[in-house]
Amino acid sequence: MTLILNGTAASQAIKEQLKQALSQEREKPHLVVVLVGSDPASEVYVRNKEKACHEVGFMSSVVKFDSTITQKQLFKELDKLNHDQDVHGIIVQLPLPKHIDSNAIIDHIAPHKDVDGFHPLNVGNLHRGQNGFVSATPLGILRLLEFYSIGVVSKHVVVVGRSNIVGKPIAALLLNANATVTITHSKTKDLMQHTQQADILIVAAGIKQMITADYVKEGVVIVDVGIHRNDDGTLCGDVHPSAYEKSSAYSPVPKGVGPMTIAALLLNTFQAFKERGV
Ligand code: NAD
């Protein structure tokens, strides 16, 4: 029987743990999301983050700026948040307007408040196998596998995609967890030859339903990171349902990786809160 890796259930368990842990605290973690401009998708993501914070009893604020804000002004605003002792986690919602260098902005967030795990210090710590903040989607994937007791030690994990927010950090995280990892990308020759070797296949290519049954072996565990909206308004991922039938477990879209990303962000915010002033 195929197991469905239900991210809603796993994220709920994390939220319950966080509520429990928070009941022992006198103060509350505070996450600040910086939103520049009025991209509708970003506004939805930000609302979801706020909602999740309130669900577990965290404080959350959204600091909004007009899309005309200069990079220098944004640096100043980040300085204020970096030095504000009542702010524990900072996220700058991407994408930023074209005249702003996203990397320069990320580099400006204090690493101990960088709950997205995008600052080079946190990225470096991840690659050195040291503590730090791991970006939310990869951390959420690891927690999803753990929730369903799917071991990764000595497993061959094939990752499709090498983005800085998903592909590269999930590969590093699983390597640290003693998996054998293959990273594939848009220039990989004969992708299928690699994906067919996977014990665990993690797909983050951003191409609707590209992984069909031919790409996978029997018994594979599939984690689908992709999110696409169909014409009828429903959502689907990078994996075609025909591949599910050969799998021993798969994460659906929606209700798979998406809720785990939010839960992992809450975990990072709580970590930032616990380590404040350290
Ligand atoms: P991206 O566009 O930054 O990166 C896509 C990667 O896929 C690239 O590294 C590229 O080399 C690779 N790729 C493209 N075509 C390929 C092909 N034919 N074969 C092999 N590799 C190929 O995307 P991203 O930010 O990593 O996101 C990937 C998908 O995951 C998107 O659909 C995005 O919406 C979704 N996403 C979901 C969550 C979540 O919380 N569920 C979080 C982040 C991203």
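Here a biologist and a modeller talk through a predicted model, one term at a time.

Biologist: Let's start in the sheet. Why is strand E5 (residues 156-160) called largely enclosed by the rest of the structure?

Modeller: A residue is buried when its relative accessible area is under 20%. In E5, 4 of the 5 residues are buried, so the strand counts as largely enclosed.

Biologist: How do you know that E5 and strand E6 (residues 180-184) pair?

Modeller: Pairing takes at least two bridges. E5 and E6 have 5 bridges, in the parallel sense, so they qualify under that cut-off. Within this pair, Val159 stands opposite Ile183 in E6. The chain gets from E5 to E6 by way of helix H7 (residues 167-176), in a right-handed β-α-β crossover.

Biologist: And what makes E5 and strand E7 (residues 200-203) a pair?

Modeller: The cut-off is again at least two bridges, and E5 and E7 have 4, also in the parallel sense. Here Val157 stands opposite Ile200 in E7.

Biologist: Now to the ligand. What makes the approach of Arg162 to the ligand a polar contact?

Modeller: A polar contact needs N or O atoms within 3.5 Å. A backbone N or O atom of Arg162 lies 2.8 Å from a ligand oxygen atom, so the pair meets that limit. Ser186 also has a backbone N or O atom 3.0 Å from an oxygen atom of the ligand.

Biologist: How much of the ligand's accessible area does the protein cover?

Modeller: The protein covers 71% of the 850 Å² that the ligand has on its own. Around the ligand there are 22 residues, with Val225 and Thr261 among the closest.

Technical notes
Residues are numbered from 1 along each chain as its sequence is written. This is a predicted model: local features need pLDDT of at least 70, side-chain atom pairs count only at pLDDT 80 or more; totals for chains, interfaces and linings use all residues. Side-chain values use heavy atoms; hydrogens and water are left out. Buried means under 20% relative accessible area, exposed over 50%, partly exposed in between (1.4 Å probe, protein chains only). Helices (H or I, at least four residues) and strands (E, at least two) are DSSP runs, numbered from the N terminus. A crossover is right-handed if, with the strands pointing away from the viewer, the path from the first strand over the helix to the second runs clockwise. A residue is near a molecule or strand if one of its heavy atoms lies within 4 Å of it. A polar contact is a pair of N or O atoms within 3.5 Å; within protein, one must be able to donate a hydrogen and the other to accept it, and residues adjacent in sequence count only if both atoms are side-chain atoms. Accessible areas come from the Shrake-Rupley method with a 1.4 Å probe; for residues, only the protein chains shown count as cover.
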